[in-house]
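Here is a handful of exercises to work through with the model open in your viewer. Try each one yourself before reading the solution.

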Amino acid sequence: MLSPKSGVFLLIGFCLASQAFAVDLLSPAKREIAMQLVSSAENSSLDWRKQYAYIEDIDDDRGYTAGLIGFTSANGDMLDVVERYTSRRAANPLARYLPALKTLAEEESSAHTELDPDFVRAWKSAANDPAFRAAQDDILTEQYLEPAVKQAKEDGLSTLGQFIYYDALVMHGPGYQREAFGGIRAAAKKVAETPVQGGSEQAWLNAFLDARVTIMREEKAHEDTSRVELEQRRFLREGNYSLSPPLRWRTNDEDFAIGH
């Protein structure tokens with residue numbers, strides 16, 4: 001029979017464990033860190049809120065890349081953003097491009113057909129609208145952040161593991177093709193076990209990052225692997241599984257830090 005004191009210690013331990021489990025990448029503080037980390041790699045800036053208006057063709061065969069995490073005209077998530085925006089504000093500068101975006105997404109085309117010459121200007125104009133920014137937030141959360149956290153938890157990963165999955169989903173997209181997130185995870189499973197399967201988290205995440213680097217080096221415009229080698233692997237070597245500041249890393253030939 002437990003003494004009252006033992007019962008108190010057990011209760012405290014249970015509360016601490018529950019609290020630790022609750023602090024995942026979906027919590028406001030960790031999400032903020034994730035947004036800054038991705039922005040440093042995608043836009044060479046920690047100020048991710050300025051990226052709602054970002055748009056360019058980075059010559060990676062995905063058409064226009066735009067917004068917080070690089071929604072693209074060829075892969076359909078840009079279409080999802082504009083559809084969500086239009087459902088909330090029918091009269092907006094991007095609504096007239098919906099037919100063109102649908103066609104480009106269906107064809108997975110990198111062309112700018114029916115978008116030029118004014119689509120870039122329209123996107124930047126829409127970025128001043130809170131409803132458009134909210135649409136970007138929603139699609140980011142639904143298609144990338146929540147799925148990354150869900151899969152990471154199923155694999156028994158920490159907050160760092162959740163971020164590593166999220167960043168991979170952002171760059172490579174969902175799906176099970178060799179070059180997509182599911183394909184990268186499948187390649188890692190050939191050489192390592194997830195923590196749920198009995199493997200160590202460090203070994204699993206290194207295997208996942210190895211598989212991702214292989215794909216990055218083959219992809220147009222993604223040959224720079226510093227976001228993996230000088231950022232994520234650094235946190236992994238440091239044992240910062242909670243992804244807690246201070247964080248220091250280097251990507252795109254620039255040094256960054258969160259918390260000093």
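Before starting, one cut-off: buried means under 20% relative accessible area, exposed means over 50%, and partly exposed is whatever falls in between. Keep in mind, too, that this is a predicted model.

**Exercise 1. Find out how confident the predictor is, and where the confidence drops.**

Step 1: Start with the whole chain. The mean pLDDT of the protein chain is 91, and 91% of its residues reach 70 or more.

Step 2: Now look at the start of the chain. Over residues 1-22, pLDDT stays under 50, and the model has two contacts beyond four places in sequence for that stretch.

Step 3: Decide how to read it. Where pLDDT is low, the predicted coordinates shouldn't be read in detail.

**Exercise 2. Work out how α3 packs against α4, and which residues do the job.**

Step 1: Two packed helices are described by the angle between their axes and the distance between the axes. For α3 and α4, the angle is about 150° and the axes are 9 Å apart.

Step 2: Classify the angle. Angles over 145 degrees count as roughly antiparallel, so α3 and α4 are roughly antiparallel to each other.

Step 3: Get the handedness. The crossing of α3 past α4 is left-handed.

Step 4: List the partners. From α3 come M78, L79, V82, E83 and T86, and from α4 come L98, L101, K102 and A105. Sorted by type, the residues of this α3 with α4 contact are six nonpolar, one polar and two charged.

**Exercise 3. Do the same for α6 and α7, then look at the loop that joins them.**

Step 1: Helix α6 covers residues 130-154 and helix α7 covers residues 159-172; they pack at an angle of about 140°, with axes 8 Å apart. That makes α6 oblique to α7.

Step 2: As for handedness, α6 passes α7 in a right-handed crossing.

Step 3: On the α6 side, the contact uses L140, Y144, L145, P147, A148, V149, Q151, A152 and K153, which meet G161, Q162, Y165, Y166, L169 and V170 of α7. The tally for the contact of α6 with α7 is 11 nonpolar, three polar and one charged.

Step 4: Move to D155, in the loop between α6 and α7. Is D155 buried or exposed? Its relative accessibility is 4%, so D155 counts as buried.

Step 5: Check what surrounds D155. Not counting residues up to four places away in sequence, D155 touches Y165, R185, T194, P195, V196 and W204.

**Exercise 4. Hunt down the unusual backbone geometry.**

Step 1: Set the baseline. Most residues other than glycine have a negative phi, and most peptide bonds are trans.

Step 2: Look for cis bonds. The peptide bond from D116 to P117 is cis, with omega near 10°, and P117 sits in the loop between α4 and α5. The bond from P245 to P246 is cis too, with omega near 5°; P246 is in the loop between α10 and β4.

Step 3: Look for positive phi. D61 isn't a glycine, yet has a positive phi of about 65°. D61 lies in the loop between β1 and β2, and its relative accessible area of 49% makes D61 partly exposed.

Step 4: N252 isn't a glycine either, and has a positive phi of about 55°. You'll find N252 in the loop between β4 and β5. With 25% relative accessibility, N252 counts as partly exposed.

**Exercise 5. Compare sequence separation with spatial separation for two loop residues, S44 and P93.**

Step 1: Place S44 in the loop between α2 and β1. S44 and D255 are 211 residues apart in sequence and 9.5 Å apart in space, C-alpha to C-alpha.

Step 2: See what S44 is in contact with, leaving aside neighbours within four places in sequence: S39, N252, E254 and F256. N252 is the positive-phi residue from Exercise 4. At 30% relative accessibility, S44 is partly exposed.

Step 3: Place P93 in the loop between α3 and α4. P93 and V228 are 135 residues apart in sequence and 37 Å apart in space, C-alpha to C-alpha.

Step 4: Beyond its neighbours within four places in sequence, P93 is in contact with Y85, A122, S125 and A126. P93 is partly exposed, at 33% relative accessible area.

How values were computed
Residues numbered from 1 in each chain as written. Predicted model: local features only at pLDDT ≥ 70, side-chain atom pairs only at ≥ 80, totals over all residues. Heavy atoms only, no water. Axes fitted to C-alpha atoms, helices over the stretch in contact; angles between N-to-C directions. Helix = DSSP H or I, 4+ residues; strand = E, 2+ residues; numbered from the N terminus. Parallel < 35°, antiparallel > 145°, perpendicular 65-115°, else oblique. Left-handed = near helix turned anticlockwise from the far one by under 90°. Contact = heavy atoms within 4.5 Å. Nonpolar A, V, L, I, M, F, W, Y, C, P; charged D, E, K, R; others polar. pLDDT = per-residue confidence, 0-100. Buried < 20%, exposed > 50% of the residue type's maximum accessible area, 1.4 Å probe, protein only.
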